[in-house]
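Biologist: I would like to understand the labels people put on a model like this one. Could you take me through the reasoning behind them?

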Amino acid sequence: MSGVMKRMGMIFRAKANKALDRAEDPRETLDYSYQKQLELLQKVRRGVADVATSRKRLELQLNQLQGQSTKLEDQGRKALALGREDLAREALSRRAALQQQVSDLETQHQTLQGEEEKLTLAAQRLQAKVDAFRTKKETIKATYTAAQAQTRIGEAFSGISEEMGDVGMAIQRAEDKTAQLQARAGAIDELLASGALDDPTGMAKDDITAELDRLSGGSDVELELQRMKAELAGGSAPKQAIEGGNGGQAASQAEQERPRFDKQ
């Protein structure tokens with residue numbers, strides 16, 4: 001049972017992988033990868049901005065503490081000038097505490113500045129990689145699109161594509177049905193002409209009538225042809241036909257009745 005389940009799982013994974021491979025479009029995958037890289041680049045840039053903001057805040061605190069330290073130093077000098085050594089000592093003590101804070105902030109400032117430089121350099125490198133990937137992505141997409149179009153054109157010309165295959169089968173079925181109908185119509189005509197089938201309309205002709213009609217039609221064609229020839233020769237076909245019947249005898253009789261004059 002365990003072997004059967006493993007086999008079923010393998011078959012399912014194989015079919016799922018094949019279905020995913022058919023559904024996957026490399027161009028969409030490349031666009032998705034490019035989008036993810038842009039999001040990562042945006043996060044890095046946001047990190048650089050956050051570090052720069054923190055550094056700027058430390059600089060403001062340093063400037064403020066340094067201003068207070070300078071003020072306490074001036075107060076100590078003034079108190080000492082007035083003979084108030086105790087006040088001068090208090091001012092210097094406070095200035096020393098501020099100097100310790102200034103030293104700590106300067107250390108943090110240097111650390112943040114170093115982090116900012118690293119992140120800025122990383123963002124620049126990542127930007128260069130993203131730009132290179134975008135160029136390569138567009139090149140691959142254009143090549144894939146051209147290859148896909150060339151493949152479809154080749155399949156269309158060869159007739160192996162699904163669409164052209166369906167069209168070819170439809171044409172073949174139409175030709176088969178047309179040939180079948182033509183053969184059936186020819187067979188029915190032959191059966192009607194031979195008398196094997198009766199024509200209920202009474203319009204069908206037997207073989208004798210058909211032959212007579214054919215001969216009659218041929219005679220009419222010959223007569224029409226003779227008439228056209230006579231018209232082209234300047235005569236008339238009916239007049240020549242009449243003269244050919246009775247005109248010969250009349251001409252012969254007139255020749256006999258014409259008086260003859262002998263030469264003396």
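Biologist: Let's start at one residue: in which helix is Met-5 found?

Modeller: Met-5 is found in helix 1, which covers residues 2–23. Do keep in mind that this is a predicted model.

Biologist: Why is Met-5 called partly exposed?

Modeller: Its relative accessible area is 47%. Partly exposed is the class between under 20% and over 50%, so Met-5 with its 47% belongs there.

Biologist: What makes the nonpolar surface patch, and what is its area?

Modeller: Val-4, Met-5 and Met-8 make the patch, with an area of about 300 Å². Residues of a patch need over 30% relative accessible area, and Met-5 has 47%, so Met-5 passes that cut-off.

Biologist: Now to charges. How do you know that Arg-55 and Glu-116 form a salt bridge?

Modeller: Their closest N and O atoms are 2.4 Å apart. The cut-off is within 4 Å, so the pair counts as a salt bridge. The two residues come from distant parts of the chain: Arg-55 is in helix 2 (residues 26–81) and Glu-116 in helix 3 (residues 85–158), 61 residues apart.

Biologist: Are Arg-55 and Glu-116 buried or exposed, and how do you know?

Modeller: Buried means under 20% relative accessible area. Arg-55 has 18% and Glu-116 has 14%, so both count as buried.

Biologist: What makes Glu-85 and Arg-89 a salt bridge, and where do they lie?

Modeller: Their side chains meet at 3.0 Å, N to O, and that is within 4 Å, so the name fits. Both lie in helix 3, four residues apart, about one turn of the helix. Glu-85 has a relative accessibility of 48%, so it is partly exposed.

Biologist: And why is the contact of Glu-231 with Arg-227 called a salt bridge?

Modeller: The N to O distance is 2.3 Å, which is within 4 Å, so the contact qualifies. Both residues are in helix 5 (residues 207–233), four residues apart. Glu-231, at 47%, is partly exposed, and Arg-227, at 30%, is partly exposed too.

Biologist: How many salt bridges does the structure hold, and which residues are linked in a network?

Modeller: The structure holds 14 salt bridges. Asp-31, Lys-137, Glu-138 and Lys-141 are linked in a network of them.

Biologist: Why would such side chains pair at all?

Modeller: Side chains with opposite charges can pair when their charged atoms come close.

Technical notes. Residues numbered from 1 in each chain as written. Predicted model: local features only at pLDDT ≥ 70, side-chain atom pairs only at ≥ 80, totals over all residues. Heavy atoms only, no water. Buried < 20%, exposed > 50% of the residue type's maximum accessible area, 1.4 Å probe, protein only. Patch = residues over 30% accessible without salt bridge, like charges linked within 9 Å, V, L, I, M, F, W, Y side chains within 5 Å. Areas by Shrake-Rupley, 256 points an atom, 1.4 Å probe, with all protein chains shown as cover.
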